[in-house]
Amino acid sequence: MPKRMTVLDLSRLRAAGRPIVAVTAYTTPEGRCCDEAGVDLVLVGDSLGRAVLGLPDELRVTMADMERHTAAVARGVHRALLVADLPFLSYQVDLGQAVRNAGRLIRAGAAAVKLEGGMAQLPAIERILAAGIPVIGHLGFTPQSVHLLGGARVQGRVRKDADRLLVEARAIAAAGVSAVVLEMVPAALAAEVTRVLDVPTIGIGAGPGCAGQILVLYDLIGLSARVPRLARTYADLGAAMATAVAAYAGDVRTGAFPTAEQSHDGRGWGGTAVVEGAGVPGEDVP
Ligand code: KIV
């Protein structure tokens, strides 16, 4: 059995000069595929809302959604570090609730939680860490603040905003986060943050100067309705799925599926071979 990654391995990878490879996943088979592909970190992101649940944004994702999908992914991940997102309003309102919700995601199978924000979230970060739960930070474009930020926009383009982001990054790193996700940040700023922090950065739309990279799985495998510029699509599973389902539909309509090969005989109830065009009362009905 391969050794399981922990949050400590993120800094070890960085120290060894090895880029951290991270990807999101939402289901057991996705977790299994990502784990077998040898990624270092699997994130059950609140991108779940848009990617899987057909929601318009991350703001409607609930603790129950995150708990259920974290548990599903955990059943497929046995080596990578499993991180789960704390969803909108699960940690911003009340510190006790923040710790309890982080604990729910750990009990569902995560080994760390991720939350968005800088200095404003220091109390939540500290309380969750005090409960023994590792935290990963998230700065730059933070989707849970999409309305405040005026949309999905690059953050830190002007020096004043860049300096602010540096201060926020230093503050959460000093509080003890194990890594910082930098989303939609100019490459030069992300490289600067990476240089000054003693914890690794993991970029998404933040250029090559981060200690690692993360992508939304569905952008990578061609299952997203709209792939953002920051992503690269490595396979078109959406097209492959549509082709497979269309072939199946064609076979059903022409009678080419099912054949005797996919049918059960009537042994046990006295029937003969295959009843054409009808289901056979089967031994596999629970
Ligand atoms: O929810 C998510 O998928 C994320 C990644 C984009 C980092 O937070």
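Asp46 places a polar side-chain atom 3.0 Å from an oxygen atom of the ligand. The model is predicted, and every distance here is computed from it. Asp85 also reaches the ligand: an N or O atom in its side chain is 3.2 Å from a ligand oxygen. Lys114 does likewise, with a polar side-chain atom 2.8 Å from an oxygen atom of the ligand.

| Residue | Partner on the ligand | Distance |
|---|---|---|
| Asp46 | oxygen atom | 3.0 Å |
| Asp85 | oxygen atom | 3.2 Å |
| Lys114 | oxygen atom | 2.8 Å |

How many residues are around the ligand, and which come nearest? There are 13, and the nearest are Gly45, Asp46, Ser47, Asp85 and Lys114.

**The barrel**

Two of these residues sit on strands. Asp85 belongs to strand E3, residues 81–85. Lys114 belongs to strand E4, residues 112–114. Both strands are part of a closed barrel of 8 strands. The order is E1-E2-E3-E4-E5-E6-E7-E8, and the pairing is parallel. Ignoring direction, neighbouring strands of this sheet are turned by 25 degrees against each other on average.

Now take the pairings around E1. On one side, strand E1 (residues 20–24) pairs with strand E2 (residues 41–44) in the parallel sense, over 3 bridges. Thr24 has Leu43 in E2 as its bridge partner. E1 is also joined to strand E8 (residues 212–215), by 4 bridges, and these two strands run parallel. Here Ile20 stands opposite Gly212 in E8.

E8 has a further parallel partner in strand E7 (residues 201–204), through 2 bridges. Which residue stands opposite Gly212 in this pairing? Ile202 does. Gly212 thus faces Ile20 in one pairing and Ile202 in the other.

**The helices**

Helix H5 (residues 95–107) lies across E3 and E4. The helix runs at about 125 degrees to E4. H5 also meets helix H4 (residues 63–74): their axes come within 8 Å and cross at roughly 25 degrees. Why do H4 and H5 count as roughly parallel? The crossing angle is roughly 25 degrees, and angles under 35 degrees count as roughly parallel, so H4 and H5 are roughly parallel to each other.

On the H4 side, the contact is made by Met63, Ala64, Met66, Glu67 and Thr70. H5 contributes Asn101, Arg104 and Leu105. By class, the contact has 4 nonpolar, 2 polar and 2 charged residues.

Note on methods:
Residues are numbered from 1 along each chain as its sequence is written. This is a predicted model: local features need pLDDT of at least 70, side-chain atom pairs count only at pLDDT 80 or more; totals for chains, interfaces and linings use all residues. Side-chain values use heavy atoms; hydrogens and water are left out. Two strands pair if DSSP finds at least two bridges between them. Axes are lines fitted to C-alpha atoms, for helices over the stretch in contact, and angles run from 0 to 180 degrees between N-to-C directions. Contact means heavy atoms within 4.5 Å. Angles under 35 degrees count as roughly parallel, over 145 as roughly antiparallel, 65 to 115 as roughly perpendicular and the rest as oblique. Ala, Val, Leu, Ile, Met, Phe, Trp, Tyr, Cys and Pro count as nonpolar, Asp, Glu, Lys and Arg as charged, and the others, Gly among them, as polar. A residue is near a molecule or strand if one of its heavy atoms lies within 4 Å of it. A polar contact is a pair of N or O atoms within 3.5 Å; within protein, one must be able to donate a hydrogen and the other to accept it, and residues adjacent in sequence count only if both atoms are side-chain atoms.
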